[in-house]
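User: I have a structure open and would like to go through it with you. Could we begin with the charged side chains?

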Amino acid sequence: MICATETSLNTYGIKSKKVNYNLSTEVLHDICLKKNLGKESNLGALAIHTGEFTGRSPKDRFIVKDELTEDKIWWGDINIPFKEEKFEALYHKITAHLSTKELYVRDAYACADSRYKMNIRIITELPWVSLFANNMFLRPTTKELNEFTAEWTVLQAPSFMAVPSEDGTRQHNFSILNFKKKIILIGGSGYTGEVKKGIFSALNFILPTEKETLPMHCSANVGKDGDTAIFFGLSGTGKTTLSTDPNRKLIGDDEHGWTKDDVIFNFEGGCYAKVINLKKENEPGIYNAIKKGALLENVVFKEGTNEINFKDTSITQNTRVSYPIHHIDNVQNPSMGKNPKNIFFLTADAFGVLPPMSKLLPSQAAYHFISGYTAKVAGTEAGINTPVPSFSACFGAPFMPLHPSAYAEMLSEKMKKSKVNVWLINTGWVGGPYGVGSRIKLEYTRAMINAALNGDLGAYSYNDYHIHSVFGVAQPRKCPGVPDTILSPRATWNNDEAYYKMAFKLTNAFRKNFEQYVPFTSEEIQRGGPQRFAH
């Protein structure tokens, strides 16, 4: 563990002659402008380009395989093993590289519940990465900084390029977690998400194995009566948008823990929201948070101006903004809640066959949690011209070091104990698949969620719900603020044969994906999936 003094980098083997410690947001903003590393937008936020990588690189994320991790990690394509001796050699290369640079050090912590607090030190060669870390992690007080001791350390060196044949990496970029040394090495990539997801991955191993706490890739908010709602969902499904509700206080937008005494706490101190096609009238909370102190990534300005063109995807579809949580007006402080009453699984079904809203039985909830379904649409990745099913276990497989069944079992136990309602919300398409139908209106999705939160959808009975003949989920017959026809995906198609053909296509994708989990799950959970399929 390293104490936060201005000579402490020597302990890491870093001998840089210019080290900047815990600079303020304003100072980092000005340094980036002075060094021509970014541009101030018309909204006041700093806009930067992350370089070659505009998103994470899952195939280049590794975990050091040692006596601590060998028998616990779910090794495979997601958790790729890395040799201890290769890590040591690479560590010395990176510290030598950083010793030649002007550096920016950020001391912060993760986990709003003090019982789980993790002190983090981020050492980087880029001032805007330090700004990002200040936005995204929890910020110590002056007193806490004076007494700060780092538990985990992130060394981030975007300009360092690995040599795969020597360093054991796949290519020149990498992100490597070492649980024994509590160090994360990031090189060859300037994408800031690697920093936050590295810490998230560490917590996803530590909390369930050492703290009896479930880590979750979800957003959360709390109502006036103290009822907490949790929103699971992959990127693009509306997790940040739907949890930012003027009538409920935001706990956090991405990463949370659920303790054994039913406390929900935020891992972070900020939000990292997609801004593709952002409109103030649709998402005022996110739009208004884009001001001085926020950091925009890979957005494009309208020609000859500093006005953001939120529609422009010429750099990437993954345009983002990070901002401290206090940029949102209606937030829970501290970022914690109790008494979870509703869980929402968000999916953007581009096949247009899942109900916009359905209530799940415990077995169905476990099945859909393990499946983590959404869909990729044309243009999101090279070569994708029609909708493609996408499954990410626990709605966050790339960050889950343990087997998905371990997290699913914990969630199932907690759901039963708290008697929480679980809902599957399709924020995708109705009236046909992507390219034929239309995206479900945000106002309808908000109305569905509000109805669930307010208890307006009645009991689980034939009169209140229709059991979907293919997916087996219970779709409400009526919902305040939503046309009845919207609630039935089949009715919006006006072509039963085409609808069921597409529904069975998605059913088969679910079943094929779940085959890998059958040896690790109970018959009850397996029965929670679609029971009908087509050959």
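Analyst: Certainly. In this predicted model, the side chains of K197 and D254 meet in a salt bridge, at 2.9 Å from N to O. The pair links distant parts of the chain, with K197 in helix α6 and D254 in the loop between β15 and β16, 57 residues apart.

User: Is K197 buried or exposed? And D254?

Analyst: K197 has a relative accessibility of 10%, so K197 counts as buried. D254 has 6% and therefore counts as buried as well. The cut-off for buried is under 20% relative accessible area.

User: Which side chain meets D254 at 2.6 Å?

Analyst: That is K196, in a salt bridge with D254 at 2.6 Å, N to O. K196 lies in helix α6 (residues 193–210) and D254 in the loop between β15 (249–252) and β16 (255–258), so this pair ties together parts that are 58 residues apart in sequence. Both K196 and D254 are buried.

User: Which residues are linked with them in a network of salt bridges?

Analyst: The network links K196, K197, K239, D254, E255 and E268. As background, side chains of opposite charge can pair when their charged atoms come close.

User: How many salt bridges does the structure hold?

Analyst: It holds 27 salt bridges. One of them joins D262 and K417, whose closest N and O atoms are 4.0 Å apart. This pair links distant parts of the chain too: D262 is in the loop between β16 and β17 (263–266), K417 is in helix α10 (residues 404–418), and they are 155 residues apart. D262, at 15% relative accessibility, counts as buried, whereas K417, at 54%, counts as exposed.

User: Changing topic: how many disulfides are there?

Analyst: The structure holds 0 disulfides. A disulfide is a covalent bond between the sulfur atoms of two cysteines.

User: Why is there no bond for C218?

Analyst: The closest cysteine sulfur to that of C218 is in C394, and it is 12 Å away, which is too far for a bond. C218 counts as buried, at 0% relative accessibility. C32 is another buried cysteine, with a relative accessible area of 0%.

User: Now the sheet. What is the order of the 5 strands?

Analyst: The order is β3-β4-β19-β22-β18, in an open sheet with mixed pairing. β3 (39–40) and β18 (270–274) stand at the edges with a single partner strand each, so one side of each is left without a neighbour in the sheet.

User: In which sense do β19 and β22 pair?

Analyst: Strand β19 (residues 295–297) and strand β22 (residues 320–324) pair in the antiparallel sense, over 3 bridges. L296 stands opposite V321 in β22.

User: What about the second largest pocket: how much space lies in it?

Analyst: About 370 Å³. The lining has 19 residues, and those closest to the centre are T244, D245, P246, P284 and G285.

User: Which helix gives the largest share of that lining?

Analyst: α8 does, with 4 residues. α7 (239–243), α8 (284–289) and α11 (442–454) each supply at least two. By class, the lining has 6 nonpolar, 8 polar and 5 charged residues.

User: Last one: how many residues of α9 are buried?

Analyst: In helix α9 (residues 362–371), 9 of the 10 residues are buried, so to describe the helix as mostly covered is accurate. Among them are Y367, H368 and F369. The helix is followed by G372, whose phi is positive, near 60°.

Notes. Residues are numbered from 1 along each chain as its sequence is written. This is a predicted model: local features need pLDDT of at least 70, side-chain atom pairs count only at pLDDT 80 or more; totals for chains, interfaces and linings use all residues. Side-chain values use heavy atoms; hydrogens and water are left out. Buried means under 20% relative accessible area, exposed over 50%, partly exposed in between (1.4 Å probe, protein chains only). Two strands pair if DSSP finds at least two bridges between them. On a 1 Å grid over the protein atoms alone, a cavity is a set of points where a 1.4 Å probe fits but cannot get out, and a pocket is an open set with protein on both sides within 12 Å along at least five of seven lines; lining residues have an atom within 4 Å of a point. Grid points are joined across faces, edges and corners, and a volume is the space filled by probe spheres set on the points. Ala, Val, Leu, Ile, Met, Phe, Trp, Tyr, Cys and Pro count as nonpolar, Asp, Glu, Lys and Arg as charged, and the others, Gly among them, as polar. A disulfide is a pair of cysteine sulfur atoms within 2.5 Å.
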